[in-house]
Amino acid sequence: MCKKYNCKAKVFTQMAGDLKKQVGTPDLFVLFTNTVSHKMVKCAVDEAKRNDTEIIRCHSSSGSALEQILEGYCG
């Protein structure tokens with residue numbers, strides 16, 4: 001789905017010890033808050049602030065929710 005909007009994606013489903021190193025410097029963070037831990041959300045938010053990256057939080061982790069986000073951001 002991200003390729004359709006000419007975006008690259010990294011998907012993290014669990015908190016890894018070196019998550020900060022793996023994230024890199026994205027243009028956009030999409031957090032599906034219903035499916036990740038609070039610790040992971042905090043880490044992502046901290047990294048987004050540090051890199052001045054826009055962050056979008058979404059409770060639903062459905063494909064249509066992601067498509068709406070990408071349409072709004074990339075489309």
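Helix α2 comprises 13 residues and spans 18 Å between its first and last C-alpha atoms, close to the 18 Å expected at 1.5 Å a residue. The model under discussion is a predicted one. Within α2, the buried residues are Met40, Val41, Cys43, Ala44, Val45, Glu47 and Ala48. The cover over these buried residues includes α1, β1 and β2.

A charged residue stands among the buried positions of this helix. Glu47, which belongs to α2, has a relative accessible area of 3% and is therefore classed as buried. Once neighbours within four places in sequence are set aside, Glu47 makes contact with Lys20 and Phe29.

Beyond the end of the helix, the chain turns towards strand β2. Just after α2, Asp52 adopts a positive phi of about 55 degrees. Thr53 follows in the loop that runs between α2 (38-50) and β2 (54-58). Is Thr53 buried or exposed? Its relative accessibility is 11%, and because buried means under 20%, Thr53 counts as buried. The contacts of Thr53, apart from those with neighbours within four places in sequence, are with Pro26, Asp27, Leu28, Phe29 and Ala48. A polar atom of the Thr53 side chain also lies 3.2 Å from the backbone oxygen of Pro26.

In strand β2 itself, Ile55 offers a second view of these surroundings. With a relative accessibility of 29%, Ile55 counts as partly exposed. Not counting residues up to four places away in sequence, Ile55 touches Phe29 and Leu31, together with Ala44, Val45 and Ala48. Ala44, Val45 and Ala48 are among the buried residues of α2. Phe29 recurs in this account, since it is in contact with Thr53, with Ile55 and with Glu47. Ala48, in turn, is in contact with Thr53 and is touched by Ile55. As a reference for distance, the C-alpha atoms of Ile55 and Gln22 lie 17 Å apart in space, with their positions 33 residues apart in sequence.

The segment before α1 holds Cys7. A relative accessible area of 22% makes Cys7 partly exposed. Its contacts, leaving aside neighbours within four places in sequence, are Cys2, Leu70 and Cys74. Cys7 and Asp27 are 20 residues apart in sequence, and their C-alpha atoms are 9.5 Å apart in space. Asp27 is also one of the residues in contact with Thr53.

The account may now pass from individual residues to open space in the model. Rolling a probe the size of a water molecule over the atoms shows where empty space is left. The largest pocket has a volume of about 870 Å³. Its lining is formed by 27 residues, and those nearest its centre are Ala9, Lys10, Leu28, Phe29 and Val30. Two or more lining residues come from each of α1 (19-23), β1 (28-32), α2 and α3 (63-74). Which element gives the largest share of the lining? That element is β1, with five residues. By character, the lining divides into 20 nonpolar, four polar and three charged residues.

Phe29 links the pocket to the residues described earlier. Phe29 is one of the residues nearest the pocket centre, and it is also a contact of Glu47 in α2. Leu28, likewise among the residues nearest the centre, is in contact with Thr53 in the loop between α2 and β2.

How values were computed
Residues numbered from 1 in each chain as written. Predicted model: local features only at pLDDT ≥ 70, side-chain atom pairs only at ≥ 80, totals over all residues. Heavy atoms only, no water. Helix = DSSP H or I, 4+ residues; strand = E, 2+ residues; numbered from the N terminus. Buried < 20%, exposed > 50% of the residue type's maximum accessible area, 1.4 Å probe, protein only. Polar contact = N/O pair within 3.5 Å; in protein donor to acceptor, adjacent residues only side chain to side chain. Contact = heavy atoms within 4.5 Å. 1 Å grid on protein atoms, 1.4 Å probe; cavity = no way out; pocket = protein on both sides within 12 Å on 5 of 7 lines; lining within 4 Å. Points joined across faces, edges and corners; volume = space filled by probe spheres on them. Nonpolar A, V, L, I, M, F, W, Y, C, P; charged D, E, K, R; others polar. Expected span 1.5 Å × (residues − 1).
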